[in-house]
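Visitor: I'd like a close look at a single part of this protein, with enough of its surroundings to see how it fits in. Please choose a good part and walk me through it at an unhurried pace.

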Amino acid sequence: MRIIGIDPGIAIMGYGIVDLIGNRLKVIEYGVVTTSSSTDTPKRLEILYQNLDDIIKEFNPDEYAIEELFFNQNVKTAITVGHARGIQVLCAQKNNLPIYEYTPLQIKQSITGYGRAIKKQMQLSIKTILNLSKTPTPDDAADALCVAVCHAFSQNFKEEFRMK
C-alpha cells in the first residue's frame, strides 16, 4: 500500500510518500511545495492544489494522511493555513483517495512513543524508522513522512481516523 502524508501549510506544504509492504516501510519520495507571501492567497491556494494534484497523479498513492491543525495564537494565520488545509483535503477527495487525519499528539506518540516529543526527537526517530542515511529536510518534509508513517502504524485502527 502506498501512503502520502501531508504536513499542511500555506507557505510550505510538506509531503512524504511511503510504501507499506507487509510490516516494512520504504520511502518513495518526500519534499515541499512552497508559495511566496508576496503572492495573493487565492493564487497560493491554486499553486498548492495544482502541485499536490501533480504529485498524487505521479505517485498514485492508495491512502492520504494529513495532520490536523492545532489552534494557533494568531487567528489570521490559523484561518489562512485552514484554507490551505481545505485545498489539500479537497485535492485528495477529487482524486478519490480515502482521507485520514491525525493530531500532532497522535503523530508524536506514534513516531517517538512520547506525545510531547520535540522536533529533533521526531527527526531522529523518523530517520531510524525509515533507515535513512540522513535526516530528511526540510522540517516540513520530515513532518510529512512522520504523518505517513503514523498512518502506516495505525492500520489496525484506521477507521477511527477516517475523515468523516
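**A close look at strand β2**

Guide: Let's begin with the whole chain: for 164 residues, a compact globule would have a radius of gyration near 15 Å, and the 15 Å of the protein chain agrees with that. Please keep in mind that this is a predicted model. The C-alpha trace spans about 40 × 35 × 30 Å along its principal axes, and 48% of the 164 residues are buried. The protein chain has 5 helices and 5 strands, and reading along the sequence gives the order β-β-β-α-β-α-β-α-α-α.

The part I have picked is strand β2, residues 12-21. Is this strand enclosed or open to its surroundings? Of its 10 residues, 8 are buried, so β2 is largely enclosed by the rest of the structure. As a reminder for reading any strand, side chains in a regular one alternate between the two faces of the sheet.

Now for the neighbours of β2. On one side, β1 pairs with β2 in the antiparallel sense, over 6 bridges. The two strands make a hairpin, and 4 residues lie between them. On the sequence side that follows, strand β3 (residues 24-34) also runs antiparallel to β2, and 10 bridges join the two. This hairpin has 2 residues between its strands, and Gly-22 there takes a positive phi near 65°. Two bridge pairs help to fix the register between β2 and β3: Gly-16 stands opposite Tyr-30 of β3, while Leu-20 has Leu-25 as its bridge partner in β3.

Back on the β1 side, which residue of β2 does Arg-2 face? Arg-2 stands opposite Asp-19 in β2, and the side chains of these two residues also meet in a salt bridge, at 2.6 Å from N to O. Along the chain, Arg-2 in β1 (residues 2-7) and Asp-19 in β2 are 17 residues apart, so this contact links distant parts of the chain. Asp-19 has a relative accessible area of 14%, and because the cut-off for buried is under 20%, Asp-19 counts as buried.

In general terms, side chains of opposite charge can pair when their charged atoms come close. The structure holds 5 salt bridges, and two others make useful company for the one at β2. Arg-85 and Glu-101 meet at 2.7 Å, N to O. Arg-85 belongs to helix α2 and Glu-101 to strand β5 (residues 99-102), so this pair ties together parts 16 residues apart in sequence. Both Arg-85 and Glu-101 are buried.

The other pair is local: the side chains of Glu-46 and Lys-43 form a salt bridge at 3.2 Å, N to O. These two residues sit in helix α1 (residues 41-59), and because they are 3 residues apart, about one helical turn separates them. Glu-46 is partly exposed at 46% relative accessibility, and Lys-43 is partly exposed too, with a relative accessible area of 38%.

For one more point of reference, go to the loop between α1 and β4 (63-67), where Asp-62 has its place. Asp-62 is partly exposed, with a relative accessible area of 42%. Its C-alpha atom is separated by 15 Å from that of Glu-29, although the two residues are 33 apart along the chain.

Finally, a look at the empty space. The largest pocket holds about 520 Å³. Its lining has 25 residues, and those closest to the centre are Asp-7, Pro-8, Glu-67, Phe-70 and Asp-143. Elements giving two or more residues to this lining are α2 (75-94), α3 (104-112), α4 (119-129) and α5 (139-153). The largest share, 4 residues, comes from α5. By type, the lining divides into 15 nonpolar, 3 polar and 7 charged residues.

To return to our strand: β2 is joined antiparallel to β1 over 6 bridges and to β3 over 10, and Asp-19 within it meets Arg-2 in a salt bridge.

How values were computed:
Residues numbered from 1 in each chain as written. Predicted model: local features only at pLDDT ≥ 70, side-chain atom pairs only at ≥ 80, totals over all residues. Heavy atoms only, no water. 1 Å grid on protein atoms, 1.4 Å probe; cavity = no way out; pocket = protein on both sides within 12 Å on 5 of 7 lines; lining within 4 Å. Points joined across faces, edges and corners; volume = space filled by probe spheres on them. Nonpolar A, V, L, I, M, F, W, Y, C, P; charged D, E, K, R; others polar. Salt bridge = Lys/Arg side-chain N within 4 Å of Asp/Glu carboxyl O. Buried < 20%, exposed > 50% of the residue type's maximum accessible area, 1.4 Å probe, protein only. Pairing = 2+ DSSP bridges. Rg over C-alpha atoms; globule rule 2.2 N^0.38 Å.
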